[in-house]
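Please find below a colleague's note on the structure. The comments are set out as numbered points.

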Amino acid sequence: MSKYRNLTTAALLAATLSTPALAGGLGLGRAALPEEIAAWDKDVRPDGVGLPVGSGDAIVGEEVFADKCAACHGDFAEGVDNWPKLAGGMNTLNRDDPLKTVGSYWPHVSTLFDYINRSMPFGAAQTLEPDEVYGIVAYILYSNDLIEDDYVISNENLAAFELPNAAGFFVDDRETTEYAQFSAPACMENCKDEVKITMHATVLDVTPGDPTDGEGAPAGASGEGGAAPAAAEPETKAEEAAPAAEQAAPAAVEVAAADPAMIAAGEKVFKKCAACHKVGEGAKNGTGPMLNGIVNSPMGMVEGFKYSAEMAAAGTDGMIWDDANLHTFLEKPKSLIAKTKMSFAGLKKPEDRDAVIAYLGSLGK
Amino acid sequence: MSNEPLNDKAMIGTTRRGFLAATAATGTALVANAASGATPDPLITEVQEWGSGLGDGVDANPYGLPIRFESDVVRRNVSWLTADVISSINFTPIHALDGTITPQGCAFERHHSGAIELSKDDYRLMINGLVDTPLVFTYADLERMPRVTRTFFLECAANTGMEWAGAQLNGSQFTHGMIHNMEYTGVTLRTLLEEAGVQPTATWLFVEGADASSNGRSIPMEKALDDCMIAFKANGEALRMEHGYPVRLVVPGWEGNLWVKWLRRMEATDAPVESREETSKYTDTMADGTSRKWTWVMDAKSVVTSPSPQMPITHGNGPLVITGLAWSGRGAITGVDVSMDGGKTWKPARLAAPGTEMALTRFYFDHNWQGEEMLLQSRATDSTGYVQPTKAQLREVRGENSVYHNNCIQTWWVKPNGEAENVEVS
C-alpha cells in the first residue's frame, strides 16, 4: 500500500471511508444471468482471453474498412484531417512529435480487436460482426506493412502476433527516477542568479479568443494526441473553427418566416453533425456532403461528393429531402437508405429533428 | 446601468487585443470614478431602480443559474485540439472561480463518444469475473447501501499537456483547466465488491462505461478496495449528464480517465486488459521512445489562477490578491510558495484551509503591487515531502513528448500595465 500513500493516510481513510463491516451481508442486487454477462463482458486481453470465434484477412477487411471506417480514418488507415491515424509513423517515437499509430506504437493486437469491436465505427459502435472485426484488424496490420493481404487473422493466432513496439513499455518508475530528486528541501532565497523569459505563448497565438477574433491556425501547436496538426492543415482547421454564429448569418435574412428560436435550437443540434457536414458560405464537402440548401433538394446530388451507391440511386430516382424523408433519415439513417455511408446513430427526439431541419431550411444554397 | 461596461470588459478581456481596448475605453475611467471620491457618487446619492421597484418573485427560476453579469464564467474548448466536439475536451474557468469546490455547471468535460442520456430507471451495474456471485444492481439498490461523502479533485492526465514543448495557451483556464473538485456522495467499491465476494486470485478490476466508447480501464484491486467509490451525487445534487449521470467512478488522486462515467460493469480479473485507454493513450513517451505505462497517480501541482492572462490587474497600484490552487494525488498539500521574480526568491502563501487528502487547496498571497513587472509562479509541497518541479527538471527526465502528467511550475509574466502572459523562463 505504501506505493500509493503513506500509512497515516491509510489509517485516516480507513476511518472516514470504510463502512460498517458487513461481509457481503446486505443482500442487495440479484444474480447476473449468463446471457447478461455474455452480452456485456466483451473485453479481450493480450493473451487472447475473451476473443470470439472468427477470422478474416485484409482483402475482406479492406471492403468493410472502405465502407465503414475510411471516411474518417482514410482509405489506407492514414487518417483524414484531424481524425486518428491508424497506420504509419514507424521509428518516430524518439523524435519530436512522434506519430503514434497501431503499427508504430500499440503493444497488443488484442487491444485493436477489443476497441474496434466495442467502440467503432464512431457513432455506430457494437454493430460489427466478429468476422468483420478480424478482417479490419488484418487490413490495419496490412496497411502498416506488417502482414500480406491474404494473411488470415483468427481467434487462434491473434494473441501470438507481435507488434513492433510490444517491448516499448515499462511500468511507472517515477518513484525511483523522480521522487527522490523532487523531494529535496525547497529553496527560498537566491535560488538562481538570473531569470530570462525564454518563450512567449503569444508567439504561437493558438489561444481561443472572443468570437470576433477568429480562431488561430495552430501552426506549431500540439494537442492531447501529441501530434502537431500538419502544416498543410490550418486552412481547413480555420474554416471548421469559424464561429457558428457567422455561418448562420446570411441565412437568417432568407427565411424570416421560420421561428428564430427553433432555428437557434437547430443550430445547437447541428453540433452533432458538424464533425462531418459543413454549412454556410464557402462550405466544402468533408466526411459528409456540405448541406447548404439541402431541404427540398434531390438526394445525393451535391457536386463532388462520393455518395453510397444507394443514396446516389435514390437521387437519380427523383427522391427529394422533404420534411418526411429528413425525419425518417435523421431518426435512423439506415431505415431510409439501408446502406448509407452516414455512420450516425440518429436523433431520437422529434423536437431535435424538427429544430435541425428548421436550421437546415434557413441555410441558402 | 453603470455596471454594464464592467461586464462587457470582462467578456472581451480574454484576449490581449480585447483587454487593451477595454482598459482604454472603460477601465481607467471606472477606477477613477469609484476611487477618487471628489464628486459624490450617483450610485449612492441617487435612488436606484433596484432600490425602489421590485425584483423577481421566488419562482422566477425554479433552478437558478448565475446572474447574467457572470455569463463569461463558462467552460471553453480549444477547437483545434480534436477533430470534433463529440470526442473532445473543454476547460474549467478556474481563472474566475475562488474557494475550492467546482460548480458542476462549469466543471470541465471530456467525452470519448459524447455525453449520453441514461436515466436512473435504465441504469444497471454489473459485477462479474472472479467473484463468488456475479451480481446486477439497479440504481435503487445502490441508494440502499451504506453511504459515504468525500471531496476529491479530478484532474485529466493531459492537463497542461499542451505546454510540454513550450508556453502555448494564454490563460490558466486553458493551461490548467482540465480539473475540478467536488464533494461526492456514494458507496465505496469495497462495499459493492464484498456483496459479490471477490476471490483471492482477483488482483485487478476492469471498469467500463455504458457509452459507445466504454472507456474500459484496469485498476489494481488493492486501490479499488482502498479508497475508490461510486458516486451518484456531486456537491449535494445528482451528477450532471456530462459527468456520468446517474453513476460514475471516483478514483481519488489518480488520473481522470480512470473515473469511468456511466459506470456499467466491474470485472474482477487476474490480469490487466490493456485496453486502448491504457496503451494507445494515457501512456507517457520518454525522449528515447520508450513509454511509461500505468502512470496513474497525479503528482503535486499548483497554479496561480489570478492574476493570469484572462485575469489582468485592472485596479492600478496598491493591494493585490494573488491566488491559486494546489493539489496532490499522493496526499495533502502542506504548503505553497509564491515567487514574483521567476523563481529567484520564494515566500510562503497563506492556505485558505489546511490541505486535505487528494482535494484542491486554495492559497492566497496578499501583495502591495506598485506596477512592477512580475514573473509570477507558485510551487506546491505535499505531505510526502514532494516539491512541485520546474518544467526543465521534468524535461530532463522525460523529454518533451510525454503528453501526460505535466505538473511543472507555471510562469505568468505580469507587465506594468497589469496584463499577463504565459511564458517560460530560464
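The points that follow address the model itself, the interface, the sheets and one buried side chain.

1. Status of the model. The structure under discussion is a predicted model. Local features are described where pLDDT is at least 70, and side-chain atom pairs count only at pLDDT 80 or more. Totals for chains and interfaces, by contrast, use all residues.

2. Chain A as a whole. Chain A contains 15 helices and five strands. It has 365 residues, of which 42% count as buried. Among the contacts in chain A with a separation of 6 or more, 53% are between residues 24 or more positions apart.

3. Extent of the interface. How many residues of each chain take part in the contact between chain A and chain B? On the side of chain A there are 102 residues, in contact with 124 residues of chain B. The area buried between the two chains is about 9800 Å², and carbon and sulfur atoms contribute 55% of that area.

4. Polar features of the interface. Eight salt bridges are found across the interface of chain A and chain B. One of the salt bridges links A:Asp43 to B:Arg265, with 2.5 Å between the closest N and O atoms. The count of residue pairs in polar contact between the chains, with both residues at pLDDT 80 or more, is 52. On the side of chain A that touches chain B, the element giving the most residues is helix α5 (residues 109-119) of chain A, with five. By residue class, that side of chain A comprises 44 nonpolar, 28 polar and 30 charged residues.

5. A sheet shared by the two chains. Which strands make up the open sheet with mixed pairing? The sheet has three strands in the order β4(A)-β15(B)-β14(B). Strand β4 of chain A and strand β14 (284-285) of chain B are the edge strands; each has a single partner strand, so one side of each is left without a neighbour in the sheet. Strand β4 (residues 169-171) of chain A runs parallel to strand β15 (residues 291-293) of chain B, and three bridges join them. Within this pairing, A:Phe169 lies opposite B:Ser291, and A:Val171 has B:Lys293 as its bridge partner.

6. A sheet within chain B. A second point on sheets concerns an open, antiparallel sheet of four strands in chain B, ordered β16-β17-β21-β20. Its edge strands are β16 (301-306) and β20 (350-351), each of which pairs on one side only. In general, strands of a sheet pair through backbone hydrogen bonds, in either a parallel or an antiparallel sense.

7. Register and burial in that sheet. Five bridges join β16(B) to the antiparallel strand β17 (residues 318-327) of chain B. In this pair B:Lys301 stands opposite B:Trp327, while B:Val304 stands opposite B:Gly324. Although β16(B) is an edge strand, six of its six residues are buried. Strands β17(B) and β21(B) are antiparallel and share nine bridges; B:Thr323 has B:Tyr364 as its bridge partner in β21(B). On the other pairing of β21(B), two bridges connect β20(B) to β21(B), again in the antiparallel sense, and B:Arg350 faces B:Tyr364. B:Tyr364 is therefore named in both pairings, as the partner of B:Thr323 and of B:Arg350. Strand β21 (residues 361-369) of chain B is also mostly covered, with seven of its nine residues buried.8. A buried asparagine. Is B:Asn257 buried or exposed? B:Asn257 has a relative accessible area of 8%, and buried means under 20%, so B:Asn257 counts as buried. B:Asn257 is located in the loop between β12 (248-250) and β13 (263-269) of chain B. The side chain of B:Asn257 makes a polar contact of 2.8 Å with the side chain of B:Arg217, and another of 3.5 Å with the side chain of B:Tyr282. Leaving aside residues up to four places away in sequence, B:Asn257 touches B:His112, B:Asn215, B:Arg217, B:Glu277 and B:Tyr282.

Technical notes: Residues are numbered from 1 along each chain as its sequence is written. Chains are lettered from A and ligands numbered from 1 in the order in which they are written. Side-chain values use heavy atoms; hydrogens and water are left out. Contact means heavy atoms within 4.5 Å. Buried area is the accessible area (1.4 Å probe) that two parts lose on being put together, summed over both. A salt bridge is a side-chain nitrogen of Lys or Arg within 4 Å of a carboxyl oxygen of Asp or Glu. A polar contact is a pair of N or O atoms within 3.5 Å; within protein, one must be able to donate a hydrogen and the other to accept it, and residues adjacent in sequence count only if both atoms are side-chain atoms. Ala, Val, Leu, Ile, Met, Phe, Trp, Tyr, Cys and Pro count as nonpolar, Asp, Glu, Lys and Arg as charged, and the others, Gly among them, as polar. Two strands pair if DSSP finds at least two bridges between them. Buried means under 20% relative accessible area, exposed over 50%, partly exposed in between (1.4 Å probe, protein chains only).
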